[in-house]
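These are my comments on the model you sent, set out as numbered points for you to check against the coordinates. I begin with the chain as a whole and then turn to individual sites.

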Amino acid sequence: MNFDFSEDQKFLGDQARKYLSEQCTTAEVRKVLNDDGMACHESLWNGIAEMGWLGTAIPEEYGGLGLGMLELCVLAEEIGRALAPVPFSSTVYMLAEALKLGGSEAQKQALLPEIAAGKVVGAYASSEGPGAPDLSALKTTFDGSKLNGTKIPVLDGDIATHALVTAAENGGVSLVLVDLNQAGVKRTVVKTLDPTRSHAELEFTDVAGERIGEAGQAGPLLDKLMDRAAVLIAFEQTGGADRAVEMATDYAKSRYAFGRPIGGYQAIKHKLADGWVKNQVARSNAYYGAW
């Protein structure tokens, strides 16, 4: 039994790391963060689309590469390691997976190829603000054709072309696919604690939408969707945590105090060792989730 990624999957990860180390340097990430008018690294987004990353787990008949979730996990780790300021998670982990799991054939044919090509950016709109009720008491409503309500904060909501919106319908919860480039959609940028990804408030007033799945029966679909997204986000976090320990180790080797590198002091060694061990535990849990 093999508990590790295959050689092909490791090769994919190596190539992704090399590409991101060249195209998504710390300086590039800071450039995006310091530019109030830039919510996404557009050239990087276009580049990963050209390399086929956006269609990794999308079947070939819909314009994707037809690979699996494990390959997506490998890419997620490298994207997290680079702190890449692109809407990869909201588009690939959420929108593409929702369409694969519950979308109609027409919805898949219309959007999956566009996602794989980088022409569609997704967003998942569920939260209705601080102190908002859970999914059992949503204020946003859908009547089968029109959507009304407000969602805040919405990750990548200011740059997304399409959104998955949770809404009350028939006494239950429906998942509604909405084209955000239409009348009745109002976007307001929201500042959050994480400047690497943009957020927005989305207001819907009689906006046309298409249901994914059955009316008021989105619960099981959302459970599956969140399970997959949680594993992929875990790999992103593992990649970021590994890079943080590496940077701290490099700094400890180059920063001198009292005539010697601070990494030579036992207290610093303990901190770095503790960080490394915790990352290995996190990685083991991420692998178990992927399995």
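1. Among contacts in the chain between residues at least 6 apart in sequence, 71% link residues at least 24 apart. The model is a predicted one, and the values in the points that follow should be read with that in mind.

2. On overall dimensions, the C-alpha trace of the chain extends over about 70 × 40 × 35 Å along its principal axes. The radius of gyration of the chain is 21 Å, which agrees with the value near 19 Å for a compact globule of 291 residues. In secondary structure, the chain contains eight helices and ten strands.

3. As to the surface, 44% of the 291 residues count as buried. The accessible surface of the chain amounts to about 14,900 Å², and carbon and sulfur atoms account for 53% of that surface.

4. Towards the N terminus, Phe5 lies in the segment before α1 (7–23), and with a relative accessibility of 10% Phe5 counts as buried, because the limit for that class is under 20%. Which residues are in contact with Phe5, if its neighbours within four places in sequence are left aside? They are Lys10, Leu70, Cys73, Val74, Phe235 and Tyr287. For one of these, Leu70, the C-alpha atom is 7.8 Å from that of Phe5, although the two residues are 65 residues apart along the chain.

5. Helix α3 (residues 42–50) has Leu44, Trp45, Gly47, Ile48 and Ala49 as buried residues. The buried residues of α3 pack against α1, α5 and α6 (105–116). Just after α3, Gly52 adopts a positive phi of about 90°.

6. The largest pocket has a volume of about 490 Å³, and of the 20 residues lining the largest pocket, Ser89, Leu155, Arg197, Ile233 and Glu236 are the closest to its centre. At least two residues of this lining come from each of α4 (69–82), α5 (88–102) and α7 (219–254), and α5 gives the most, with five residues. By residue class, the lining of the largest pocket is made up of eleven nonpolar, six polar and three charged residues.

7. The backbone around strand β3 deserves a separate comment. The peptide bond from Ile152 to Pro153 is cis, with omega near -10°, and Pro153 is placed in β3 (residues 146–155). Asp156, in the loop between β3 and β4 (162–169), has a positive phi of about 65° although Asp156 is not a glycine.

8. A second non-glycine residue to inspect is Phe258, which has a positive phi of about 55° and is found in the loop between β9 (256–257) and β10 (260–261). Are Asp156 and Phe258 buried or exposed? With a relative accessible area of 1%, Asp156 falls under the 20% limit and is therefore buried, whereas Phe258, at 82%, is over the 50% limit and is therefore exposed.

Definitions and conventions: Residues numbered from 1 in each chain as written. Predicted model: local features only at pLDDT ≥ 70, side-chain atom pairs only at ≥ 80, totals over all residues. Heavy atoms only, no water. 1 Å grid on protein atoms, 1.4 Å probe; cavity = no way out; pocket = protein on both sides within 12 Å on 5 of 7 lines; lining within 4 Å. Points joined across faces, edges and corners; volume = space filled by probe spheres on them. Helix = DSSP H or I, 4+ residues; strand = E, 2+ residues; numbered from the N terminus. Nonpolar A, V, L, I, M, F, W, Y, C, P; charged D, E, K, R; others polar. Buried < 20%, exposed > 50% of the residue type's maximum accessible area, 1.4 Å probe, protein only. Rg over C-alpha atoms; globule rule 2.2 N^0.38 Å. Contact = heavy atoms within 4.5 Å. Areas by Shrake-Rupley, 256 points an atom, 1.4 Å probe, with all protein chains shown as cover.
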